[in-house]
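Reader: Please walk me through the aromatic pairs and one helix of this model. Keep it short.

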Amino acid sequence: MSGNSRNSGSIRKSPAGRAGGGRATGNAPGPRSGDGDGSGSGDAGVRGGGAISRRRLLGSAGAAGATGLVLGAAGGATGYAATRPDEPTALTSVGSTEVMFHGKHQPGITTPLQARGHLVAFDLVPGAGRKEAIALMRRWSDTARRLMTGEPAGGAAEGATHDTGIALDAGPSSLTVTFGFGRTFFERTDLTDRRPPGLDPLPPFSSDRIDARRSEGDLWVQIGADDALVAFHALRAVQKDAAPAARVRWQMNGFNRAPGATARPMTARNLMGQIDGTGNPKPTESDFDRRVFVPGGTDAKYDWLAGGSYAVVRRIRMLLDDWEKLPVQRQEQVIGRRKKDGAPLSGGTETTPMNLDKAGPDGKLLIPDNAHARISSPEKNSGAAMLRRPFSYHDGISSDGVPDAGLLFICWQADPLRGFVPVQRKLDRGDALSPFIRHEASGLFAVPGGAADGEYVGQRLLES
């Protein structure tokens, strides 16, 4: 990964812009692992260039495609620089940042957390098979590539739809579009012999309250961007391109803190107010790729997945009314970390390793036996680790009068049976956080490696 500016997750931005202050990869109130800094960022290949106006960037498809970046207003946090009425205004750093579509891995895995996200699953329509899936993945890949550079949708791919114009005033805004295949996809396309063992169904957990209508699916798409209209524009393009081969099974919408909203880059907070993501593995760690990405060369049948990953998706509702009744000290004991700065209760700063054996003057463990951070730590799970990259969500007030809000938990790993499953089993047996959360939807998807220039995502599977 390191040193390769063409890897997915690589970012191009203006020299005046900042690479996403406040965008740190977080985790959900589900499994934690590792003890990194929560950055979760991949390679950040920066390319400079002269100032390019909105009019020049977006007035034609060629402008954005040729450059892929613009010079942001200095600092990027004060809006637009003062200009004469006849002067076009440059994009800020938020709008100008571009993530690469082509690369060894798909974008949206190691990309820093984005401010807005959409998760959507599709089922192939009755009668659709591999031929229709190939045409669909060609359309989706072409649309994703174009939109991620700031170009309008509606390329030359068969069945491509006309651009809606929703994002005409914006730049790429760190847009990423990531594609995955569910277990049933392989049956619909007569490729069951190519379905990897990692897609075996997740085991049931006692705390699950899973709604099957909002779970699984033949195909899964993750969309992220630092601008809400850019993200929605991509969502509409993906949904329109799906016809006539596939239809939406479920959709979920999420958000994170916007880049630049904090005085310094920091790990994100979840809706419980906890700093969330401290324990994520870091791309700088020697075993990061082994934990997160599927290696090649183990079995020729599954080489299409080399450089890819498995995504576990869980809609985790937070029972916020109950949680917010707890005093801060009790909340910290449930999590095992200080609310103010994310430091472990055993002492130190946010990134200080937890001392699970340290006791207080009364002889009691400073990090309680059932604390979430203790139970889900790699030390208590034979080193099991995953990269968590969630979005918060809020879907209004439910029928019982309480907030329908929580985490769209997304975790990435080379093998879910060695990543998510053992950690969740441990949490299921006695996590102090369990009374305050509810797992309401679930999905498991195989996410192919990135597409090379001239390829579409999944081509090595579908044309095998």
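The questions below cover ring pairs first, then a helix.

Author: This is a predicted model, where local features need pLDDT of at least 70, side-chain atom pairs count only at pLDDT 80 or more, and totals for chains, interfaces and linings use all residues. Residues are numbered from 1 along each chain as its sequence is written, and side-chain values use heavy atoms, without hydrogens and water.

Reader: How are the rings of Trp140 and Phe179 arranged?

Author: Rings of Phe, Tyr and Trp (its six-membered ring) pair if their centres lie within 6.5 Å; planes under 30 degrees apart are stacked, over 60 edge-to-face, the rest tilted. Here the centres are 5.5 Å apart and the planes are at 10°. So the pair Trp140 and Phe179 is stacked.

Reader: Are Phe288 and Phe293 buried or exposed?

Author: They form an edge-to-face pair, 6.4 Å centre to centre with 70° between the planes. Buried means under 20% relative accessible area, exposed over 50%, partly exposed in between (1.4 Å probe, protein chains only). By that cut-off, both Phe288 and Phe293 are buried.

Reader: Why do the buried residues of α9 lie on the same side?

Author: Helices are DSSP runs (H or I, at least four residues), numbered from the N terminus. In α9 (residues 328–335), the buried residues are Gln331, Glu332, Val334 and Ile335. The arc is taken from the directions from the helix axis to the C-beta atoms. They share a side of α9 because their arc is only 155°.

Reader: Which residue follows α9?

Author: Its phi is positive, near 95°. The residue is Gly336.

Methods. Helices (H or I, at least four residues) and strands (E, at least two) are DSSP runs, numbered from the N terminus.
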